[in-house]
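Open the model in your viewer and keep the selection panel at hand. The tour goes from the whole chain to single residues.

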Amino acid sequence: MPDNGWPADRIDTESAHSARIYDYILGGKDYYPADKEAGDAMAREWPALPIHMKANRDWMNRAVAYLAKEAGVRQFLDIGTGIPTSPNLHEIAQSVAPDSRVVYVDNDPIVLTLSQGLLSSTPEGKTAYVEADMLDPATILGAPELRDTLDLTQPVALTVIAIVHFVLDEADAVGIVRRLLEPLPSGSYLAMSIGTAEFAPQEVARVAREYAARNMPMRLRTHTEAEEFFEGLELVEPGIVQVHKWHPDGTETGIRDADIAMYGAVARKP
């Protein structure tokens, strides 16, 4: 049993998991043989997969820095956090504004066992972790950890990064995001990256088949479908674009459009 008191046997080490595959491909250490096998199989189908995943991570860094520095946001609600990878969201935000407050949400036991890496806040700020499923917005919004950390009378940045492609149509991903945004006040923001097959359809379809074969079916979206998440919001320029094209900082040199299967956007709630 780990130090946080959660039994290790809650973690299914025999089956691949999307967060651990992501960790493996990004060069992390918190994965199991099933995740390595899956990641290797997917990268064989689409050799650009590591480039794509790193570009998504880099986009998250730029989006959070923008929200903290340019938009002046001091509160963040991160849905589908995944395995801690430095710099974590709170480290980026607090490097700009040490008083930033962050609530992380995930339902994967391995994220919980590693969550101390998400809770190393500055003295001026605060971080908290909520174990909950994004399919259950009411539980997330009602969690004591959220209410004790965030002031919902002040703007909050809702970050939903590289997760909705695992939410199928019957679960209504757009409706879930809207319910999470609903109690956030005017001046709040939504930052999302959204999986797509529009730029490398054959290769990404093969990767999706590998995920589906491991009981992780995907719902990849077109640009028009991605727009649905941002209806009623004010998109920050340049709008909904491939992640390597959103506020580039020079690290994207040499990345081809065909290497990226993720849209990214940031939008303000009026």
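What percentage of the 270 residues in the protein is buried? Buried residues make up 52%. Keep in mind that this is a predicted model.

**Whole protein**

Start with everything shown as cartoon. You should find 10 helices and eight strands. Align the view to the principal axes: the C-alpha atoms fill a box of roughly 45 × 45 × 35 Å. The radius of gyration is 18 Å, which agrees with the value near 18 Å for a compact globule of 270 residues. Now turn on contacts between residues at least 6 apart in sequence; 74% of them join residues at least 24 apart.

Switch to the surface. The accessible area is about 11700 Å². Carbon and sulfur atoms account for 51% of that area. Next, colour by charge. There are 24 positive and 41 negative side chains. The centres of these two sets lie 2 Å apart.

**The largest nonpolar core**

Hide the surface. Select Leu77, Leu158 and Phe230. These residues have the most contacts inside the largest nonpolar core, a set of 38 residues. Several elements give two or more residues to this core, among them strand 1, strand 4, strand 5 (189-195) and strand 8 (262-268). Helix 6 (137-142) and helix 8 (173-181) are also on that list. Select helix 8: with six residues, this helix gives the most to the core.

Zoom in on Phe230. What does Phe230 touch, not counting residues up to four places away in sequence? The partners are Leu190, Met192, Ile194, Leu235, Ile240, Ala265 and Ala267.

**A second core**

Now pick Ile83, Leu89, Ile110 and Ala162. They belong to a second, separate core of 35 residues.

**Helix 4**

Stay with Leu89 and select helix 4, residues 89-96. Which residues of helix 4 are buried? They are Leu89, His90, Ile92, Ala93 and Gln94. Show their surroundings. The buried residues of helix 4 pack against helix 3 (49-69). They also pack against four strands: strand 1 (75-79), strand 2 (101-106), strand 3 (126-131) and strand 4 (157-161).

**Glu210**

Last stop: helix 9, residues 201-213, where Glu210 is found. Is Glu210 buried or exposed? Glu210 is buried, because its relative accessible area is 19% and the cut-off for buried is under 20%. Display its neighbours. Leaving out residues up to four places away in sequence, Glu210 touches Ala41, Met42 and Glu45.

How values were computed: Residues are numbered from 1 along each chain as its sequence is written. This is a predicted model: local features need pLDDT of at least 70, side-chain atom pairs count only at pLDDT 80 or more; totals for chains, interfaces and linings use all residues. Side-chain values use heavy atoms; hydrogens and water are left out. The radius of gyration is taken over C-alpha atoms; the globule rule is 2.2 Å times the number of residues to the power 0.38. Buried means under 20% relative accessible area, exposed over 50%, partly exposed in between (1.4 Å probe, protein chains only). Contact means heavy atoms within 4.5 Å. Accessible areas come from the Shrake-Rupley method with a 1.4 Å probe; for residues, only the protein chains shown count as cover. Lys and Arg count as positive and Asp and Glu as negative; His and the chain ends are not counted. The place of a charge is taken as NZ of Lys, CZ of Arg, CG of Asp or CD of Glu. A nonpolar core is a set of buried Ala, Val, Leu, Ile, Met, Phe, Trp, Tyr and Cys residues joined through side-chain atoms within 4.5 Å.
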